[in-house]
Amino acid sequence: MGPLSRDVWAQRLGAFRASPSAFMAGPEAEDLGRDLLGDLRSEKLSEQTKVSLLALSLEYPAQLWPDASAAEVAATSLLDTLVLLPPRPSALRRPLLLAATTALAVGGALGPTSGASCRLLPLLLGLAAGSDLGRGFVPASEQRPLQATACECLRELESCKPGLLGGSLGLLRGLLGQEGPVQPLSLLLSLALRNTLVLQSRAGAGLGALLTARVSPTGGGPWDWTLVEEGDGRLQPQAPSWPVAEEGEGERSLTAREHSPEEARELRAAVAQLLDTSYLLTPVAQAQLLWLLGWALRGLQGQPPALFKPQLVRLLGTAQLTLLHAVLALKAAFGEALFTAQDETLLLRRLTLAAQHPALPLSTHLFYLHCLLSFPENCPLGPEGEEAAPLLLGPQLCRGLLPSLLHEPMALLARLHLLCLLCAEDEEEEEKGQLPSPGHYLEELLAGLWQRAALEGGPRALATLCFQGSYLVAHCLAGQPTVLTPLIHGLAQLYRARPMLAPHFVDLLDHVDPELREPLKVVLRQEVVSRPGRDEALCWHLQMLARVADGDAQSATLNFLRAAAAHCTSWDLQQGLLQVCRALLRAGVGGGLVDLLQVLARQLEDPDGRDHARLYYILLAHLAGPKLGVALGPSLAAPALASSLVAENQGFVAALMVQEAPALIRLSVGSHEVKGPLPVLQLLPEALEPIYSLELRFRVEGQLYAPLGAVRVPYLCPGRPARPLLLPLQPRRPAPTRLDVHALYTTSTGLTCHVHLPPLFVNFADLFLPFPQPPEGAGLGFFEELWDSCLPEGAESRVWCPLGPQGLEGLVSRHLEPFVVVAQPPTSYYVAIHLPPDSKLLLRLEAALADGVPVALRTDDWAVLPLVGDYLRGLAAAV
Amino acid sequence: MAQRAVWLISHEPGTPLRGTVRFSRRYPTVEKRARVFNRASYVPIPEDGPFLKALLFELRLLDDDKDFVESRDSCSRINKTSIYGLLVGGEELWPVVAFLKNDMIYACVPLVEQTLSPRPPLISVSGVSQGFELLYGIQDFLYSGQKNDNELNTKLSQLPDLLLQACPFGTVLDANLQNSLDNTNFASVTQPQKQPAWKPGTYKGKPQVSISITEKVKSMQYDKQGVADTWQVVGTVTCKCDLEGIMPNVTISLSLPTNGSPLQDILVHPCVTSLDSAILTSSSIDAMDDSAFSGPYKFPFTPPLESFNLCYYTSQVPVPPILGFYQMKEEEVQLRITINLKLHESVKNNFEFCEAHIPFFNRGPITHLEYKTSFGQLEVFREKSLLIWIIGQKFPKSMEISLSGTVTFGAKNHEKQPFDPICVGETAYLKLHFRILDYTLTGCYADQHSVQVFASGKPKISAYRKLISSDYYIWNSKAPAPVTYGSLLL
C-alpha cells in the first residue's frame with residue numbers, strides 16, 4: 001500500500017485521539033503503528049504532517065507498539081529514518097530523537113542487548129557532547145537545539161533506568177564546565193548525580209573516580225548497565241519524595257555511606273558548580289535542580305548544606321511557586337542545619353505573605369496556605385502528617401489569612417480551617433492582647449454562612465459551603481462547648497428557616513462526632529415535632545425525622561406523625577412517613593406505634609403504603625427486638641447509591657428472606673446402629689460458626705422411601721461435639737438411595753440462611769434390621785423355618801464372599817453380628833436379616849477357605865439379589 | 001517533578017457536555033514511572049471524554065445542582081486547594097491540579113514518586129508546583145495580548161509544538177511558552193555559551209529601558225461604629241529592557257517622596273540577582289512604625305527579552321483616596337439612597353475617568369427613579385438594575401460630591417437577574433472605578449537618573465505611572481455588611 005495522503009492521516013489521527021481505545025478496537029488498529037513508521041519516510045508527506053505523526057507516537061507508543069519487540073523494531077525504524085534525513089535543516093530530527101527514546105523507554109526494550117538502545121545511546125551522548133558525528137549529520141543551525149534535546153532524552157532514560165549514566169558523570173561535568181548548554185546539562189548531571197549517590201551507596205563504586213573520569217571507569221561505554229542492574233533494573237522510590245530531616249535509621253542507611261575526603265571534595269565541587277550557574281536556568285528548572293540536589297545531599301556525611309545558603313535570599317524574594325516550594329523541600333531535608341531559627345521565621349513570614357499577596361492568583365494562595373499548615377518546622381510539636389498551624393504562626397501573623405464571606409468557597413474553607421486551628425490554640429492559651437478573639441470572629445462568620453444558606457432561592461453550592469464549614473468547625477473544635485452550643489443553635493435556626501436542606505443535615509449527622517451529633521439530633525427533632533404536621537415542607541420534615549427519631553420523646557414524635565398522616569396524600573410523602581415509622585421500629589418504640597401503624601395500614605391511599613404499614617405492623621407484633629433491628633437495619637448488600645426504598649428492600653431480603661449462603665455446616669453419616677422397628681441413619685453435624693435454629697430437610701430420590709421428616713437442632717457451636725442426630729427411614733422398597741439435604745439456619749447476626757448440602761448416601765446395609773431374637777436353643781429351627789418360607793416365590797443363590805486377613809469370624813463380628821441367629825464359631829454362621837418394609841434375607845456362611853467363604857442365600861424378594869451380591873463381595877474391602 | 005498529562009478544556013455552559021477538550025498531552029514515559037512508583041494505588045490516566053466529565057462534575061460546572069448529591073455535596077468532601085481527586089471508572093485519580101480562568105479549565109496530573117496510599121501531603125509532591133507553573137505559563141501565553149477567539153485558536157494550535165519544546169517528556173523546562181516560541185525563531189542564531197535558558201536570544205537595536213508602575217487601590221468602607229474601613233495599595237512594576245549583549249546588568253531604584261508610604265510585601269522576578277534584607281523583611285504583617293524602611297528600593301537584575309513584572313508590592317497609605325458613605329433605606333415600595341464622596345486633598349485631582357457603579361441585586365428592573373446630584377451625570381441601566389454615576393475627570397473645588405434619590409423596581413425575573421448571596425435585603429454597596437495617570441498613591445516613582453545600565457550604549461529610559469481602582473467598595477452603612485477580620489482591628 002502506498003503512503004496515505006495528508007488528509008487521510010489527519011482524519012485517522014483525529015479518530016484515534018477522539019478515543020484511542022475505540023480506535024484500537026477497530027479494524028485500522030493493527031496497521032497504524034506500521035503505517036506511521038513507513039510514512040515517515042514518504043516523500044509525499046510534508047514535514048508538518050510527519051511531525052504530527054511523531055507527536056502521536058510520543059503520546060501513545062504503548063498502543064502503537066505494545067510489546068518490547070515491537071518497540072525495538074519501531075525505535076530501529078525511527079533511528080533509520082533519522083540517519084536517512086538529507087543533510088539540511090529539518091524539523092524532524094528533534095521529534096525523531098524524542099520518539100525513539102520514548103518508544104524504547106515505554107516499550108521496555110531499553111537494555112544492553114537491544115540493538116536500538118546500543119545505537120541510540122552513543123548517538124545521544126555524541127550529540128550531547130557536541131561531537132562531530134560526520135557526514136553533515138547535524139546541520140550547524142541545529143547543533144545547539146539537538147544538543148539540548150539529546151540531554152533531555154538522556155535525562156528521560158536516566159529517569160526510567162536510574163544509574164544508567166553513572167559512568168558519565170565526569171564527562172557531563174566536563175561539558176558543563178566548557179561550552180555545553182547550561183540548563184540541559186545541569187539538569188542531566190544533577191539527576192545522574194542523585195541517582196548515582198543513591199545506588200552507589202548500595203553498590204560501593206568509587207564516587208571520586210566517577211566524578212572526574214572523562215570516560216567510564218567501568219569500561220564498555222559511558223553508560224553503566226551494572227549500576228542499573230544493581231538498582232534491580234527497576235524504579236524504586238529512591239527516597240521519600242518529601243525529604244525529611246529526621247528519619248529512621250533504615251532510611252538513613254541508604255545514603256549514609258561515608259566518602260573519602262577527596263571524594264567529598266569532588267562532590268562538593270560538582271554541587272557548587274551546579275548551584276553557581278543555577279541562575280541561568282529557568283525558574284522551574286532551578287526548582288528541579290534544588291529538589292534533586294537536596295535529595296542527593298540529604299544525610300550525606302561531610303556535605304554541609306551551607307552550599308545552598310547563597311541561593312536562599314535570592315529565592316525567598318521571588319513570587320515563583322516552584323522556587324518557594326523547592327526552598328521548603330530544602331527546609332524539610334536539612335532543617336536546622338540550613339535554616340536557623342531566624343531563617344525559619346523569615347521563611348514562615350514570606351510564606352504567610354505569599355499566601356495572601358494580592359498580586360498572586362487564588363490557586364497559588366491556597367497551595368501556600370496548605371504549605372503553611374504542613375510547614376516543616378525545625379522543632380515540630382504536633383502529630384506528624386496532620387495539618388496544624390506552626391508554632392510561630394500566631395494570630396498576629398495570621399490576621400490577613402482569616403476568612404470572610406467574600407472569599408471564594410475553597411479560600412473560605414482553607415482559611416476557616418486556619419481560624420479553627422487558631423481557636424483551638426486560643427482556648428488553650430487565653431492570651432488575648434488587642435486582637436479580637438478568633439472564637440468570636442468564628443461565631444460571626446458561621447452566622448453569616450448560615451444566613452446565606454438560609455436564603456430562599458440560593459444555589460445549592462451555598463448550602464454545601466455552609467455545611468462544609470460547619471463540619472470543619474465541628475471536626476476541629478469537637479471538644480469545645482463554647483463553640484458547639486452556638487453551632488447547634490445556629491444549625492437549628494437554619495433548619496427552621498429552610499427545611500429543604502434536610503439532606504444536608506442528614507449528611508452532616510452522618511459525619512460528625514457524637515459530641516455534636518447527639519445534641520444536634522435532639523434539637524432538630526424538637527424543631528420538627530413542634531410543628532403542626534401540616535406544612536409545605538412536610539417531606540423534608542419526614543426525611544429529617546427518619547434520621548433523628550429514636551426512643552426519646554416518643555409521644556411528641558407520634559403525635560406529629562399522626563397529625564402528618566392526614567396530609568400524606570402522595571406516594572412519596574407516605575413513603576417518607578413510613579420511613580419514620582421504620583426508624584422508630586428500629587429504635588424499639590412499641591406502644592403508640594402499633595396503633596399508628598394499624599391506622600396507616602387501613603387509611604393510606606396508596607396500596608404500597610398500606611402494605612408497608614401492615615408489614616411493619618406484623619414485624620412489630622411478631623419479631624423480638626434484636627431480630628427487628630436486624631430486619632430493618634441498613635443492608636450491606638445495598639449499593640451506596642440505591643434509594644432508601646431499594647435499600648430497605650434489600651434490608652428485608654437480607655433479614656427476613658432466606659439467604660443463599662455458603663455452607664457453615666458439614667454433615668456426615670455415623671456408624672450403623674440397629675435399634676427399634678425402623679432403620680435409623682445416624683447424622684453427625686459439625687458447625688464452622690455458631691448457628692441457631694438449624695433445620696435439616698431431606699428429600700429421597702424417587703419414591704423409594706416415605707417422605708422424611710425434618711431434623712431440628714437449636715444451637716450448634718464449632719469445636720463442641722454435637723449429639724448425633726437420628727433420622728428414621730421408612731423404605732418402601734429395600735433399596736439404597738441418595739438423600740438430598742437442605743439446611744436452614746440463623747447466623748449470630750440474625751440472618752436466616754439456606755444452604756444446599758452435599759447429598760447423603762443410604763447404603764443397602766443401613767437398612768438391615770434383626771428379626772426378633774428366638775428363645776434360647778430355638779435358633780436353628782427359627783432359621784430353618786425362615787429359610788424354607790422363602791421359596792418358591794423368592795430366590796436362592798450362592799455367592800463367593802472374599803475374606804480378608806480377619807477371617808470369617810472377624811468379618812461376621814464386624815458386619816453381621818446383630819443378625820446372627822445360629823453361630824458355630826469359627827466355621828459356620830446362619831444370619832437372618834429383616835429388610836424393611838417386609839422382606840427377608842437369609843445367609844449361610846459355612847466351610848470357609850483361606851481366601852473366601854461360599855455364602856448360600858435365600859430371600860423372598862428376588863430384586864435384592866444383585867444388591868446382596870455387591871454387598872457380600874464388598875465386605876472384605878470394607879473396613 | 002514530571003507531569004503525567006496536561007489538558008485545556010473550554011467551559012461551555014449550556015452545551016450538552018458543558019465543555020470541550022481543546023488540548024491534551026500525555027507523557028507515556030512518566031506514566032510508566034507512575035505505574036512503578038504508585039504500585040497498587042496506581043490509577044491510569046483516563047481518556048479525554050471520561051476525564052472531562054469527571055472534572056466538570058468535581059468543579060461543580062455541570063450546573064445540575066438541583067438535588068443533593070453526596071459525592072459532590074457531602075459536608076466532609078472539603079477541598080481547600082485547587083488539587084482534586086477525580087472519580088473515574090470507580091477509581092480516584094489524584095492529584096489533579098486544575099483551575100478555571102476566563103472560561104478555560106487548566107488541568108494536569110503531576111507524578112507522585114511514591115505510593116498514593118496513604119496519600120502523601122501535597123507539600124511533598126514536587127510535581128504540584130511544577131504543574132501549577134506550567135498551567136500558569138500556558139494561561140499567560142494564551143491570554144497575553146489575545147483579543148478574540150481567532151487569536152485564541154491560533155495560539156491553541158501552536159501549543160503542541162510549544163510543549164514539545166517546553167515540556168518534551170513531561171518535565172517542564174520552561175513555563176514561559178513565549179520563550180519557546182522565540183526559541184524556534186532564534187534557532188538560526190548560534191547561541192554563545194552561558195546563555196541563560198530563560199533568554200532565547202539577544203536583542204539587536206537601539207537600547208531602551210521602559211519602567212511602568214501601576215498601583216491598584218482597593219478599599220472596603222463601612223462608615224460604621226466598631227468596624228474599621230480598610231484600604232490597600234498593590235503595586236506592579238513592569239519593565240521592558242531592550243539592551244544588547246548576552247547578560248546586560250541593570251539596577252532600577254524605586255524611590256518615595258519624603259512623606260511617601262513604605263513599600264511592603266515585595267515579591268521580585270526571579271531575574272533579580274540580589275535583594276537587600278530590608279526589602280525582604282518589610283512586611284504588612286508587622287504593625288507599622290516610623291522605622292519602616294522607606295527606600296530607595298534597589299533591584300539589580302539581568303533582564304529577559306520580553307516585558308516582565310520586576311516586582312510586586314503592597315502599601316498602606318494613611319488615607320483612602322476617596323472617602324465615601326452610602327446610605328440606603330427601604331421605604332415601602334421604593335429605595336431611598338444617599339451617597340457622599342470626598343476626594344482627599346493630597347490626591348491628584350485629574351482622572352482619566354471616575355465612576356460610581358450602584359448596583360441593586362435580587363430586585364427587578366428599575367421602573368422609576370428620582371434623583372438629585374451635586375455633580376456629574378447619572379446613567380440608568382433599567383434592565384440591569386444598575387445606576388452609574390459618571391463623575392468625570394475632576395472633582396469640584398470643594399472635593400466633595402453627593403447624590404440622593406429614590407428608586408422603584410418592577411417584579412423580579414429570576415432568569416435575568418442572577419442571585420447574589422451577599423447583597424440581600426438592604427445589604428448593598430457601590431463600587432468606585434477610576435484611573436489617574438502619571439500618579440501613584442504611595443508616591444513611588446522610578447527615578448530615571450538612578451537607573452544603572454551596564455551595557456554598551458546609553459539607553460533611552462522612560463518611566464510611566466498610573467493609579468487604578470480595584471475592588472473599591474463603599475457599603476450601605478444602614479445595613480449589615482460582610483467584614484474581614486482586619487475591619488475588626490480598631
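## Worked exercises on a two-strand-partner sheet, a helix and some salt bridgesStrand S13 (residues 334-343) of chain B pairs with S18(B) in the antiparallel sense, over 9 bridges. Two strands count as paired if DSSP finds at least two bridges between them. Helices (H or I, at least four residues) and strands (E, at least two) are DSSP runs, numbered from the N terminus.

Before you start: this is a predicted model, where local features need pLDDT of at least 70 and side-chain atom pairs count only at pLDDT 80 or more, while totals for chains, interfaces and linings use all residues. Residues are numbered from 1 along each chain as its sequence is written, chains are lettered from A and ligands numbered from 1 in the order in which they are written, and side-chain values use heavy atoms, with hydrogens and water left out.

**Exercise 1. Find bridge partners in S18(B), and work out how covered the strand is.**

Step 1. Start from Asn340(B): its bridge partner in S18(B) is Ser402(B).

Step 2. Now take strand S15 (residues 366-373) of chain B, which also pairs with S18(B) in the antiparallel sense, over 7 bridges. Here Leu369(B) has Val407(B) as its bridge partner.

Step 3. Check the cover. Of the 10 residues in S18(B), 7 are buried, so the strand is mostly covered (buried means under 20% relative accessible area, exposed over 50%, partly exposed in between, with a 1.4 Å probe and protein chains only).

**Exercise 2. Work out which residues of helix H15 (residues 261-276) of chain A are buried and how they are arranged.**

Step 1. Get the length: H15(A) has 16 residues and reaches 22 Å from its first C-alpha to its last, close to the 22 Å expected. The expected span is 1.5 Å times one less than the number of residues.

Step 2. List the buried residues of H15(A): Glu263(A), Ala264(A), Leu267(A), Ala270(A), Val271(A), Leu274(A) and Leu275(A).

Step 3. Look down the axis of H15(A): the buried residues fall within an arc of 135°, so they line one face of the helix. The arc is that of the directions from the helix axis to the C-beta atoms. An α-helix has 3.6 residues a turn, so residues three or four places apart point the same way.

Step 4. Flip to the other side of H15(A), where Pro261(A), Glu262(A), Arg265(A) and Asp276(A) are exposed.

**Exercise 3. Track down what the salt bridge between Asp343(A) and Lys309(A) ties together.**

Step 1. Find the pair: the side chains of Asp343(A) and Lys309(A) meet at 3.3 Å, N to O. A salt bridge is a side-chain nitrogen of Lys or Arg within 4 Å of a carboxyl oxygen of Asp or Glu.

Step 2. Place the residues. Asp343(A) is in helix H19 (residues 341-354) of chain A and Lys309(A) in helix H17 (residues 309-316) of chain A, so the pair ties together parts 34 residues apart in sequence.

Step 3. Check the accessibility: Asp343(A), at 22%, is partly exposed, and Lys309(A), at 35%, is partly exposed too.

Step 4. Try chain B, where Lys329(B) and Glu426(B) meet in a salt bridge of 3.6 Å, N to O. This pair links distant parts of the chain, 97 residues apart. Lys329(B) is partly exposed at 39%, and Glu426(B) is buried at 19%.

**Exercise 4. Locate the cis peptide bond that ends at Pro837(A).**

Step 1. The bond joins Pro836(A) and Pro837(A), with omega about 5°.

Step 2. Pro837(A) sits in the loop between strand S12 (828-835) and strand S13 (839-846) of chain A.
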